[in-house]
Amino acid sequence: MKIIGVRLDDGSVHVARLAGPGSAELLAPLERFWADPQAHLAPEATATAVVLLDDVEQVPPVLPGAKVLCIGLNYLKHVEEGSYSADGVPPFPTLFARWTSSLSVDGATVPVPANEPGVDWEGEIVAYVGRTLVDAGPDEALDAVVGYSVFNDLTSRTAQKLTSQWILGKNGDRSGPLGPLVPASEVGDLRDGLRVTTRVNGETVQDGRTDQMVYTVGETLSLVSRTMTLRPGDLLATGTPSGVGYSRTPPWLLTPGDVVEVDVERLGVLRTPVVGNEARHAHGHAHDDVPATSAEATR
Ligand code: MG
């Protein structure tokens, strides 16, 4: 089952299940979906309507107020390829945040900001929290994950490295494309090792497995839940394997015209064309950097 967000002509955002070619079945309005995601993800959940994908705008199935937590440096070889290896592997995951407005969808173009020589790829996986978590243990936290998506944590390295805080470089416009959500029941446990590959214009640049993660999904959500309450719809991006562009000799970054694909076993392929900074100025329509605003939330 593949789950996406769609915005209808009336502005309302719904969560939908991809159906036959070019169509999707609406499951629930966004807020109602996240009030009980397990029920709406059940195979027997009934659709409220069918829409043609050509008639709707695809948006991330993400609440505007969701927390988007991201793990930096979660695969040993990626730690070693960066400028962090002198310190060894830290005992706790480095966490940074994205605003939901930085998220986009499969096929969306991502602009290279004007002050960057390019953007860097980071093929990874996000986990969606499906239940409220307060002081949860790792097993309870993992059990609360309702689904996963392919993710590309496209990074503005110049901005990222201006200071020790990464937030600016991790929040470029549309820089966080997400593939469809696949229910956790169909994905299994990332500790079993799903293959994660990234291709640039067809050439493989990253090839890792999720059993190489230093910090597991359950451990990390558990750690977070001891400080902040996690709610249904919150996201955890789980970090990228080795093979990113900036640490290569010479560095290799994505520039306009490039196409980057992240391919994760059981989750699918996420395709992202890269465009120039002028795309950040070109759009006049209202929703371009507002990924998922439900009718309820805008009232
Ligand atoms: Mg990352």
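Is Asp-234 buried or exposed? At 3% relative accessibility, Asp-234 counts as buried. Keep in mind that this is a predicted model. The tour below begins with the magnesium ion, held by Glu-122, Glu-124 and Asp-153, moves through the salt bridges, 15 in the structure, and ends with the cores, the sheet and two well-covered elements.

**The magnesium site**

- Three carboxylate residues coordinate the magnesium ion: Glu-122 and Glu-124 through OE atoms and Asp-153 through OD, at 2.0 to 2.3 Å.
- Along the sequence, these donors follow the spacing E-x1-E-x28-D.
- Glu-124 sits in strand E10 (residues 123-129), while Asp-153 belongs to the loop between strand E11 (145-152) and helix H5 (157-160), so this pair ties together parts that are 29 residues apart in sequence.
- Glu-124 is buried, at 1% relative accessibility.
- Asp-153 is buried too, with a relative accessible area of 0%.
- Glu-122 also counts as buried, at 5% relative accessibility.

**Salt bridges**

- The structure has 15 salt bridges, and here are a few worth a visit.
- Asp-234 pairs with Lys-67, and their closest N and O atoms are 3.2 Å apart.
- Lys-67 comes from the loop between strand E5 (57-59) and strand E6 (68-72), and Asp-234 from the loop between helix H7 (217-225) and strand E16 (235-237), so the bridge ties together parts that are 167 residues apart in sequence.
- Whereas Asp-234 is buried, Lys-67 is partly exposed at 25% relative accessibility.
- Glu-122, one of the magnesium donors, also forms a salt bridge with Lys-170, at 3.1 Å from N to O.
- That contact links distant parts of the chain, 48 residues apart: Lys-170 is in the loop between H5 and strand E12 (176-178), and Glu-122 in the loop between strand E9 (110-111) and E10.
- Lys-170 is buried, with a relative accessible area of 1%.
- Arg-131 and Asp-143 make another bridge, again with 3.1 Å from N to O.
- Arg-131 lies in the loop between E10 and helix H4 (138-143) and Asp-143 in helix H4, so their bridge ties together parts that are twelve residues apart in sequence.
- Arg-131 is partly exposed, with a relative accessible area of 36%, and Asp-143 is exposed at 52% relative accessibility.
- Shared partners join Arg-98, Asp-120, Glu-122, Asp-153, Arg-157 and Lys-170 into one salt-bridge network.
- Of the residues in this network, Glu-122 and Asp-153 also coordinate the magnesium ion.

**Nonpolar cores**

- In soluble globular proteins, nonpolar side chains tend to be buried together.
- The largest nonpolar core has 30 residues, and those touching the most other members are Leu-133, Tyr-148, Leu-190, Leu-221, Val-264 and Leu-267.
- At least two residues of this core come from each of E6, E10, E11, helix H6 (184-187), H7 and strand E17 (259-264).
- Beyond its neighbours within four places in sequence, Val-264 is in contact with Glu-124, Ile-125, Val-150, Leu-194, Arg-195 and Val-196.
- A second, separate core holds 28 residues, among them Val-15, Leu-30, Val-59 and Val-68.

**The five-stranded sheet**

- An open sheet is formed by five strands in the order E4-E3-E2-E1-E5, with antiparallel pairing.
- Strand E4 (49-52) and E5 are the edge strands, each pairing on one side only.
- From one strand to the next, the twist averages 45°.
- Within the sheet, strand E2 (residues 13-18) runs antiparallel to strand E3 (residues 23-29), joined to it by five bridges.
- Leu-18 has Ala-24 as its bridge partner in E3.

**Helix H7 and strand E17**

- H7 is mostly covered, with seven of its nine residues buried.
- Those buried residues are Val-217, Gly-218, Thr-220, Leu-221, Ser-222, Val-224 and Ser-225.
- The cover over them includes E6, strand E7 (94-98), E10, H4, E11 and E16.
- E17 is largely enclosed by the rest of the structure, because five of its six residues are buried.
- Strand E14 (residues 195-200) runs antiparallel to E17 and is joined to it by five bridges, with Val-260 in E17 as the bridge partner of Val-200.
- E17 also pairs with strand E18 (residues 268-275), in the antiparallel sense over six bridges, and here Asp-263 stands opposite Val-269 in E18.
- Three residues separate E17 and E18 in their hairpin, and Arg-266 in the turn has a positive phi of about 70°.

Technical notes. Residues are numbered from 1 along each chain as its sequence is written. This is a predicted model: local features need pLDDT of at least 70, side-chain atom pairs count only at pLDDT 80 or more; totals for chains, interfaces and linings use all residues. Side-chain values use heavy atoms; hydrogens and water are left out. Donors are N, O and S atoms within 2.8 Å of the metal (3.2 Å for Na, K and Ca); water is not among the atoms, so sites may look incomplete. Helices (H or I, at least four residues) and strands (E, at least two) are DSSP runs, numbered from the N terminus. Buried means under 20% relative accessible area, exposed over 50%, partly exposed in between (1.4 Å probe, protein chains only). A salt bridge is a side-chain nitrogen of Lys or Arg within 4 Å of a carboxyl oxygen of Asp or Glu. A nonpolar core is a set of buried Ala, Val, Leu, Ile, Met, Phe, Trp, Tyr and Cys residues joined through side-chain atoms within 4.5 Å. Contact means heavy atoms within 4.5 Å. Two strands pair if DSSP finds at least two bridges between them. Axes are lines fitted to C-alpha atoms, for helices over the stretch in contact, and angles run from 0 to 180 degrees between N-to-C directions.
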